[in-house]
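Q: Hi! Could we go through this model together, starting with the nonpolar packing?

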Amino acid sequence: MENSWEKAAQKKIVPPEELEQKLGLCRSAGKSVASLNGSFDLLHAGHLQILYEASRQADILVVALNSDRSIQAYKSLHRPIVPLKYRLEMIAALSFVDLVTWFDETDPREILNKIRPDVHVNGAEYGSNCLEAEVLKKLGARLHLVARIPALATSALIEKIKQCD
């Protein structure tokens, strides 16, 4: 039996193949769209900061999560720590996130072509010449960079946990 938590989360979770139609409805209602992507494994305060900042850039915030297979390909076979199903639900639980989807590729360029954001939010550590820059330019989208809190990076938190007794 599906619990109410899963049912509530499903209202915001959109399969990649349904994104263009769903966002088309938002755009026809005059809404602007911001996008943000990442693994969001071990959700922490640094993630909340960038997610909130992203939500302030447009009417609708779409968060695209790397699939488990994608994370294993570009990070480690030991990651993610939290499976995609639960990462989707955690992001969907945030009031300032409107839609959540996922992608199997190791980079977000294909999913950004589906989202077609007005603004894409990225960590400042990736800079204005980030991997997404060319796609964003083609789409006419603005790039908004958010400063990272170094002590709150997931990799730093994992190292800190390893040092605990």
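Q: Which residues touch the most other members of the largest nonpolar core?
A: Leu36, Phe40, Leu51, Val63, Leu65, Ile91 and Val97 do, out of 22 residues in that core. A core here joins buried Ala, Val, Leu, Ile, Met, Phe, Trp, Tyr and Cys through side-chain atoms within 4.5 Å, with buried meaning under 20% relative accessible area for a 1.4 Å probe, protein chains only.

Q: Which element supplies the largest share of this core?
A: Helix H5 (84-92), with four residues. Helices (H or I, at least four residues) and strands (E, at least two) are DSSP runs numbered from the N terminus.

Q: Is this model predicted, and what are the caveats?
A: Predicted, yes: local features need pLDDT of at least 70 and side-chain atom pairs 80 or more, while totals for chains, interfaces and linings use all residues. Residues are numbered from 1 along each chain as its sequence is written, and side-chain values use heavy atoms, without hydrogens or water.

Q: Back to leucine 36: what is it in contact with, leaving aside neighbours within four places in sequence?
A: Ile50, Leu51, Ala54, Leu61, Val62, Val63, Ala64, His120 and Val121; contact means heavy atoms within 4.5 Å.

Q: How many residues are in the second, separate core?
A: That one has 12, including Leu23, Cys26, Ile60 and Ala64.

Q: New topic: which element gives the most to the lining of the largest pocket?
A: H3 does, with four residues; this helix spans 45-55.

Conventions:
Buried means under 20% relative accessible area, exposed over 50%, partly exposed in between (1.4 Å probe, protein chains only).
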